[in-house]
Amino acid sequence: MERTLVILKPDCVWRGLIGEIIKRFEGEKFNVIALKMFHLSVEEAEKFYAVHQGKEFYERLTGYMSSSPIVGMVLEGKKAVLRIRELIGATDPKNAIFGTIRNKYAINGLMNVVHASDSLESASKEITFFFKTEEIFHYQRREE
Ligand code: CMP
């Protein structure tokens with residue numbers, strides 16, 4: 001079992017797609033084990049995306065991610081890091097495979113619905129950024 005950090009970005013929240021996107025993850029047998037709404041300050045967004053500092057889109061990204069509320073969650077499941085990245089698709093929706101979340105819903109390469117950790121190491125850091133240990137839960141999926 002792996003855990004990964006997913007953020008439903010402002011364009012997901014303001015278009016009323018929160019439930020739709022969570023449904024896709026749950027439908028693929030990932031458990032939501034932590035969930036919270038945040039409104040990041042510019043400074044918090046800069047810290048979260050520090051790895052992109054210096055890139056031409058950095059200011060647009062941090063401005064956008066602090067512009068309105070987002071939803072952070074921890075998903076748990078088999079090969080969660082890789083499989084969630086596959087489900088969401090490429091950063092730029094023009095390159096995202098048909099059927100992926102970004103292919104269907106992303107507005108552009110910035111407003112692309114959802115963020116997901118790109119490695120187990122990033123997942124661990126990003127989960128800690130948003131959630132305390134006691135805010136993360138564990139349960140078994142039951143179908144009955
Ligand atoms: P995310 O998966 O959150 O990781 C970094 C984010 O930076 C990415 O999704 C996009 O929102 C944004 N991003 C990456 N590349 C570009 C780009 N070329 N132009 C605009 N935004 C970008």
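How far is an oxygen atom of the ligand from an N or O atom in the side chain of His115? In this predicted model, the separation is 2.9 Å.

## Ligand surroundings

Two further polar approaches involve ligand oxygen atoms. A polar side-chain atom of Arg102 sits 3.0 Å from one ligand oxygen. Leu110 contributes through its backbone, with a polar atom 2.9 Å from a ligand oxygen. On its own, the ligand has 460 Å² of accessible area, and the protein covers 80% of that.

Residues around the ligand include Lys9, Tyr49, His52, Phe57, Arg60 and Leu61. Thr91, Gly109 and Asn112 are also among them.

## His115

His115 lies in strand 4, residues 114-116. An unreviewed UniProt entry annotates His115 as "active site". His115 counts as buried because its relative accessibility is 12%, below the 20% cut-off.

Beyond its neighbours within four places in sequence, His115 contacts Leu5, Val6, Ile7 and Lys9. Phe48, Tyr49, Arg102 and Glu126 complete that list. Lys9, Tyr49 and Arg102 also appear among the residues surrounding the ligand.

## Val6

Val6 belongs to strand 1, which spans residues 2-8. Val6 is buried, at 0% relative accessible area.

Leaving out residues up to four places away in sequence, Val6 touches Val114, His115 and Ala116, among others. Its contacts also include Phe25, Val71, Gly72, Met73, Leu75 and Ile84.

Gly109 is one of the residues surrounding the ligand. Val6 and Gly109 are 103 residues apart in sequence. Their C-alpha atoms are 17 Å apart in space.

Note on methods. Residues numbered from 1 in each chain as written. Predicted model: local features only at pLDDT ≥ 70, side-chain atom pairs only at ≥ 80, totals over all residues. Heavy atoms only, no water. Helix = DSSP H or I, 4+ residues; strand = E, 2+ residues; numbered from the N terminus. Buried < 20%, exposed > 50% of the residue type's maximum accessible area, 1.4 Å probe, protein only. Contact = heavy atoms within 4.5 Å. UniProt positions renumbered as here; feature names shortened; annotations may be inferred. Near = heavy atom within 4 Å. Polar contact = N/O pair within 3.5 Å; in protein donor to acceptor, adjacent residues only side chain to side chain. Areas by Shrake-Rupley, 256 points an atom, 1.4 Å probe, with all protein chains shown as cover.
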